Amino acid sequence: MKHGNQFGLILAVVILLCVMYFSSVITGYLPFLILLIVSSVIAFLTLFLIHHRMLQIRLSIFNAIILFAFQCWLAYAFFTRPAGTRYPLTAVFPIVCAILTFLAVHDIATDEATVRTAEAIKKIKKNKRKK
């Protein structure tokens, strides 16, 4: 079926996560960097799982949960930061990526439902021809 919309959303997630590698706040702290690497790898892998939609959905939901937890951790670090510390705009990218990932999951699930419905209709038509 159509692969454009969910592919574009996941590609946007990968691009936003790659932009985060240039932020010193994120890459300067090892646990943040590890979460960023894990999330980037999962998002990149889901780009190529077009024909394995259920696995793509599961990995995307897992990635969105990681991104949400990452954003919560960044928010905690922001509110407990020393005076004078500045956080860049890229610190809100994980929540944007999580939202885009959930939108992609919705499109992938819609695509999967369409394929299953088409297969069921073909099966019904095939059974009617046999009778």
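This report describes the fold, the surface and a few chosen residues of one protein, using a predicted model.

## Overall fold

The protein contains five helices and zero strands, and its elements, read along the sequence, follow the pattern α-α-α-α-α. The C-alpha atoms fill a box of roughly 80 × 20 × 20 Å when this box is taken along the principal axes. The radius of gyration of the protein is 19 Å, whereas a compact globule of 131 residues would have a value near 14 Å.

Among the contacts in the protein with a separation of 6 or more, 72% are accounted for by residues that stand 24 or more positions apart.

## Surface and charge

Of the 131 residues in the protein, 36% are buried. The accessible surface comes to about 8,300 Å², and carbon and sulfur atoms hold 72% of that area.

The protein carries 14 positive and 4 negative charges, and the mean positions of these two groups are 5 Å apart.

## Helix H4

Helix H4 covers residues 53-79, which is 27 residues, and from its first C-alpha to its last it reaches 38 Å, close to the 39 Å expected at 1.5 Å a residue.

Which residues of H4 are buried? They are Arg53, Gln56, Ile57, Ser60, Asn63, Ala64, Ile66, Leu67, Phe70, Gln71, Leu74 and Ala77. When reading such a list, it helps to recall that an α-helix has 3.6 residues a turn, so residues three or four places apart point the same way.

## Val105 in helix H5

Val105 lies in helix H5, a helix that spans residues 93-130. Is Val105 buried or exposed? Val105 counts as buried because its relative accessible area is 11%, and the cut-off for a buried residue is under 20%.

Leaving aside residues up to four places away in sequence, Val105 touches Ile57, Ser60 and Ile61. Two of these partners, Ile57 and Ser60, appear among the buried residues of H4. The C-alpha atoms of Val105 and Leu11, which are 94 residues apart along the chain, are separated by 13 Å.

## Two partly exposed residues

Asn5 belongs to helix H1, which runs over residues 4-20. Asn5 is classed as partly exposed because its relative accessible area is 39%, a value that falls between the limits of 20% and 50%. Although Asn5 and Ala104 are 99 residues apart along the chain, their C-alpha atoms are separated by 7.4 Å.

Val92 has its place in the loop between H4 and helix H5, and at 39% relative accessibility Val92 also counts as partly exposed. Val92 and Ser60 are 32 residues apart in sequence, and the distance between them in space is 19 Å, C-alpha to C-alpha. Ser60 is itself one of the buried residues of H4, and Ser60 is also touched by Val105.

Definitions and conventions
Residues are numbered from 1 along each chain as its sequence is written. This is a predicted model: local features need pLDDT of at least 70, side-chain atom pairs count only at pLDDT 80 or more; totals for chains, interfaces and linings use all residues. Side-chain values use heavy atoms; hydrogens and water are left out. Helices (H or I, at least four residues) and strands (E, at least two) are DSSP runs, numbered from the N terminus. The radius of gyration is taken over C-alpha atoms; the globule rule is 2.2 Å times the number of residues to the power 0.38. Buried means under 20% relative accessible area, exposed over 50%, partly exposed in between (1.4 Å probe, protein chains only). Contact means heavy atoms within 4.5 Å. Accessible areas come from the Shrake-Rupley method with a 1.4 Å probe; for residues, only the protein chains shown count as cover. Lys and Arg count as positive and Asp and Glu as negative; His and the chain ends are not counted. The place of a charge is taken as NZ of Lys, CZ of Arg, CG of Asp or CD of Glu. The expected span of a helix is 1.5 Å times one less than its number of residues.
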